[in-house]
Every structure is written in C-alpha cells, then in structure tokens.
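Visitor: I have a structure open here and would like to talk it through. Could you put it on the screen for us?

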Amino acid sequence: MATSLVGTVWCVFRRDLLLAVRKPADVATPLVFFAIVVSLFPLGVGPEPAVLRTLAPGVLWVAALLATMLSLSRLFAADYADGTLEQLALSPQPLTALVLAKVLAHWVTTGLPLLLLSPLLAIQLYLPVEAFGSLLLALLLGTPVLSLIGSIGAGLTLGLRGGGVLLSLLVLPLYTPILIFGAGAVTASATGLDPEAYLSLLGAFLAVALGFAPWATAAALRISLD
Amino acid sequence: MLEVVNLACARGDRPLFRDLSFALAPGELLHVRGENGSGKTTLLRALCGLSQPAAGDVRWDGRSIREQPETYREQLCYIGHGNAIHGDLTPVENLQFEGCLGAEDRIEAKPALESQGLGRVASLPAKLLSQGQKRRVALARLAVLNRTLWVLDEPFTALDIRAVDRLLATLARHLDRGGLCILTSHQEVTVADWQVRTLTLG
C-alpha cells in the first residue's frame with residue numbers, strides 16, 4: 001500500500017489523457033462545435049465589424065459554454081457502463097481526489113483546446129487586440145469552473161434515460177455567473193476599462209469550485225452507483 | 001473476519017431479503033446461490049459498501065465497514081458483472097491502472113496476465129479480446145491486487161474449462177493463505193479439499 005495519493009491521482013489523470021490520445025474524435029467534437037457556432041454569427045448577423053465587435057465576448061463565451069456542456073456526458077459514462085466507476089469508488093484512496101483528477105483531465109482535453117482556439121475565432125469577430133489578453137485569462141480561469149460544476153451534473157444524471165437534456169437543465173443555470181463575469185471581463189478590456197474586478201471574481205469562483213465541486217461530484221457518483 | 005448482521009436489502013420498494021446474518025472466517029469460501037433476481041448481486045454490492053442496505057450492518061474485524069471505509073477497501077477486491085476494462089487500453093495498461101487504483105506499490109501486470117494464459121494478447125487493445133478473455137483480464141486483477149477478501153460476482157461467466165480450473169486453483173491457494181472469498185455462481189463450486197459453504201437466497 002505504498003503508492004501515495006498523488007501517485008494514484010496521477011494514474012487516473014494519465015489514463016484519461018491516454019484515452020483522449022487514442023480517441024482524438026472525442027476531443028475534436030466539442031472543439032469543432034465551438035468553431036462552427038462562433039462562425040455562424042457573422043453569417044447570421046452580417047459582416048458589420050462594429051456589430052460583431054460588440055457581440056464577440058458574449059458569443060465566444062456562450063459557444064465555449066455549450067461546447068463544454070456537449071462534452072460533459074462522456075466524463076463518467078464509459079466508466080459507469082464498464083464497471084470502472086465501481087473500482088474507482090472501491091479504491092482505498094478518497095473518491096474526491098480521483099474525481100478531481102478526472103475533471104482536470106477533462107479540462108485539459110476540452111477547456112484548454114477551447115482556450116487555445118479562441119484567439120483565432122476572436123479575430124473573425126473583430127475583437128480588438130487589447131482584449132485578447134483578458135479573453136485568454138478569463139477563459140483560463142473560467143473553463144475549469146465549467147468542468148468542475150459540470151462534473152456534478154454529470155455525476156447526478158449518470159445512468160438516467162434522457163440524461164443529456166436533464167444535464168443541460170441542471171448545469172446551464174449554474175453557468176450563468178461564469179458567463180456574466182467572463183464576457184464582462186472581455187467587454188471591459190475591449191472598451192478600454194480595467195477587467196481586474198471581473199477576473200478576480202472568476203478566480204474566486206475557481207477557488208470555491210475547486211474545493212467544493214469534487215466533493216459534491218463524489219457524493220453524486222456514490223448515489224448514482226447505489 | 002467478515003460479519004453480516006441482520007442485513008436487509010431492497011430494490012426500489014421490493015424487499016429482496018431480510019435478517020440475513022452470517023460470519024466468514026479466514027480460509028472460508030461462501031457460495032451464494034439463488035434464482036435470477038433473488039438479490040445475489042445486491043448482497044455482494046452491499047458487502048462491498050457500494051450500495052446501502054435497508055437495515056443491518058456489515059462488519060470487518062468487529063467494526064462496521066462504514067466506520068472504516070479506507071481500511072476495509074485496502075482488504076477488498078471486487079469483481080462485478082462489468083469487467084472494468086477499457087477497450088482502447090491494452091490488458092497490461094488496464095491492469096496497471098487497476099493496481100494503481102488499489103494503491104499497490106509493485107504492479108506486475110505481465111506475469112498476472114501470463115498466469116491467465118493471456119501472454120500473447122497482453123499488448124493488444126482490449127476491445128479485440130473475446131468475452132472470455134476479457135473476463136480473464138478482470139480475474140488477473142486478483143493476482144495484481146494483494147487482498148484478503150475477494151468478492152466475485154459470477155466469476156465463471158464466459159470462461160472455458162481450463163480457465164475455470166485455473167480459477168478454482170487460484171481460489172484454493174487464496175484460501176490456503178488464509179484469504180476469504182464470497183462468490184455467486186449457478187454452477188457447483190468445488191475447491192480442492194476445501195469445504196465450500198453455501199447460502200441460498202430467495
């Protein structure tokens with residue numbers, strides 16, 4: 001029993017990354033969805049730079065939100081179906097830590113690629129260059145919160161029929177503060193204001209979610225397994 | 001030493017069994033029998049602490065497993081209906097992950113697979129394996145994890161005759177070392193010269 005908690009957490013994290021490498025389609029789907037949704041807006045509202053510039057922060061954030069949501073159902077589904085989740089729950093290591101590892105891997109394979117793709121799509125929406133820094137920073141602080149909050153919903157709706165729709169109803173309302181402050185930070189920078197207050201609030205959300213969400217998800221998973 | 005005290009389990013509103021009490025000492029094997037739907041899997045899951053019983057208690061070394069979940073899980077290996085094998089990982093990778101989850105420091109996945117006769121497929125994606133081979137990968141976990149209490153749900157499913165004999169020999173060695181085992185099966189279980197206790201549900 002010498003393997004430390006950190007060792008086991010690393011194992012869980014590495015396994016999920018390895019699976020993402022073996023099945024790149026799972027990583028690509030939300031990313032392509034993100035790109036398509038953002039690209040639809042110039043087509044829908046017309047190519048006016050002034051209009052698109054105003055819309056850009058909101059559009060990017062809403063698209064990132066929906067793309068993350070799309071990927072949530074696969075967070076625990078395969079492990080639940082093949083019995084791996086039972087083994088996670090029966091590990092001598094605390095389930096909360098193992099959940100955190102899985103959510104972290106989810107962020108690396110979903111939130112991080114969205115973040116890296118966002119400047120490219122921001123150019124398409126005429127977002128001023130001054131706002132790029134706060135867009136990246138806001139997404140860096142905000143997307144992990146999306147993964148963390150989403151994991152609670154994914155845990156609760158595990159094994160339910162029509163779980164996907166229920167998951168959206170459960171999680172989207174909880175995403176609204178992130179959307180408001182995330183888009184707020186980018187808008188502030190784009191209009192020459194200081195985004196610091198928004199970013200600080202996003203950081204606070206991240207700190208709370210890091211402490212609370214894995215614990216809540218672990219409890220939800222134990223209920224789903226019962 | 002495992003003790004079950006006045007255990008009652010239900011599925012939804014339907015009671016499956018109640019006032020179930022038994023104790024299992026080191027070197028004992030309990031064969032749980034019963035018709036389909038009589039609550040065998042539910043009992044095993046309650047013994048592992050995966051599902052909460054409606055009433056009663058499960059004790060390990062005299063203390064309720066709810067009071068000492070981590071200590072209990074360090075002693076326990078559960079193999080359920082699901083094999084807990086991911087199709088995109090090789091059997092070696094699957095076993096290493098299971099060993100790591102079980103907090104084992106030395107994980108010898110390859111020898112464990114070879115002892116199950118799976119040496120040649122150890123590096124193939126697990127999705128290419130047959131049902132029986134996947135079951136054997138799951139059973140190789142017994143060798144990777146060094147555990148006292150084995151809880152096996154239908155371990156003989158999909159196994160060929162040689163694999164069944166191999167599992168029975170593994171069980172005999174486990175009991176020899178003072179291990180405990182609870183399993184469900186619809187076939188007769190005879191382990192070398194060990195006395196097999198049976199419990200019939202329903």
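Guide: What follows is a short talk about chain A and its contacts with chain B, and please keep in mind that this is a predicted model.

Visitor: Okay, how many helices and strands are there in chain A?

Guide: Chain A has nine helices and zero strands, and if you read along the sequence the pattern is α-α-α-α-α-α-α-α-α.

Visitor: And what radius of gyration does chain A have next to a compact globule?

Guide: The radius of gyration of chain A is 18 Å, which agrees with a compact globule, because one with 226 residues would have a value near 17 Å. Taken along the principal axes, the box filled by the C-alpha atoms of chain A is roughly 60 × 35 × 30 Å.

Visitor: What share of the residues count as buried?

Guide: In chain A, 47% of the 226 residues count as buried. As for contacts between residues at least 6 apart in sequence, 81% of them in chain A join residues at least 24 apart.

Visitor: Switching topic, how many residues of chain A are in contact with chain B?

Guide: There are 23 residues of chain A in contact with 25 residues of chain B. On the chain A side, the elements that give two or more residues are helix 1 (5-22) and helix 5 (84-89).

Visitor: Which helix gives the most?

Guide: That is helix 1 of chain A, which gives six residues to the side that touches chain B.

Visitor: And what classes of residue are on that side?

Guide: By class, the side of chain A that touches chain B holds nine nonpolar residues, eight polar residues and six charged residues.

Technical notes
Residues numbered from 1 in each chain as written. Chains lettered and ligands numbered in written order. Predicted model: local features only at pLDDT ≥ 70, side-chain atom pairs only at ≥ 80, totals over all residues. Helix = DSSP H or I, 4+ residues; strand = E, 2+ residues; numbered from the N terminus. Rg over C-alpha atoms; globule rule 2.2 N^0.38 Å. Buried ≥ 20, exposed ≤ 12 C-beta atoms within 10 Å, placed from the backbone. Contact = placed C-beta atoms within 7 Å. Nonpolar A, V, L, I, M, F, W, Y, C, P; charged D, E, K, R; others polar.
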